[in-house]
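The following note sets out several points on the model shown below. They are offered for consideration alongside the coordinates.

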Amino acid sequence: MPFEIVPGITAANGVAAYAGIPLTHRDCAQACVIVTGHLKDGTMNLDWDGLARPRQTIVVYMGLLGLPVVCYELIRHGLAPETPAAVIERGTTPAQRVVTGTLASLPALANDAQLHPPTLIIIGKVLRLREKLAWFEQASAKTTPLAVAGT
């Protein structure tokens, strides 16, 4: 089968940028960890201790169905329940929706918003910069409501 390699960026970078969320920032996150939300066999056997380290951003691909487990395990392994977190649905498209909250509140907020894949989950203090950096939503607000926010 013929194929072509097209240089691009990972969804983590593109979706985070369109949601106004930096993946790193010198004041609050000097590292970014990208993980899958579930393994091929459907389990979520992740390095929870490694993920719950301070001063890093966590990006979870394919994690919508496992969002309650992700949030629970990160809290259980040391992250504060108040840690900011977001789920971005259909990132980088005109249909993009962003649901923000905390590790404690995000599963219920995402459920209430009736999100569907594809989604990307971003967790960490970098979300505190979102309001200032959410350029895509500000540019699109005149035509389509894109954000669902919670606390």
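Which residues of helix α3 (residues 67-76) are buried? The points below begin with this matter and refer throughout to a predicted model.

1. Helix α3. The buried residues of this helix, which spans residues 67-76, are L67, V70, C71, E73 and L74. An α-helix has 3.6 residues a turn, so residues three or four places apart point the same way. The buried residues of α3 pack against two helices, α2 (48-51) and α4 (106-112). They also pack against the strands β2 (56-61), β3 (84-89) and β5 (119-123). Just after α3, the backbone at G78 adopts a positive phi of about 120°.

2. The largest nonpolar core. This core comprises 24 residues, and those with the most contacts inside it are L74, V87 and I123. At least two of its residues come from each of α2, β2, α3, β3, α4 and β5. The greatest contribution is that of α3, which supplies 4 residues. L74 thus appears both among the buried residues of α3 and among the core residues with the most contacts.

3. Contacts of I123. When residues up to four places away in sequence are not counted, I123 touches Q56, T57, I58, V70, L74, T83, P84, A85 and L103. Two of the buried residues of α3, V70 and L74, are included in that list.

4. A second core. Separate from the core described above is another, of 16 residues. Among its members are A12, I21, A29 and V98.

5. The peptide bond between P117 and P118. This bond is cis, with omega at about 5°. P118 is situated in the loop between α4 and β5; both of these elements pack against the buried residues of α3.

6. Positive phi at R55. Although R55 is not a glycine, its phi is positive, at about 60°. The residue is placed in the loop between α2 and β2. Is R55 buried or exposed? Its relative accessibility is 55%, and R55 therefore counts as exposed.

7. Positive phi at T92. T92 is likewise a residue other than glycine with a positive phi, here near 70°. T92 lies in the loop between β3 and β4 (97-102). Why is T92 classed as partly exposed? The class applies because its relative accessible area is 36%, which falls between the limits of 20% for buried and 50% for exposed.

Note on methods:
Residues numbered from 1 in each chain as written. Predicted model: local features only at pLDDT ≥ 70, side-chain atom pairs only at ≥ 80, totals over all residues. Heavy atoms only, no water. Buried < 20%, exposed > 50% of the residue type's maximum accessible area, 1.4 Å probe, protein only. Contact = heavy atoms within 4.5 Å. Core = buried A, V, L, I, M, F, W, Y, C linked by side-chain atoms within 4.5 Å.
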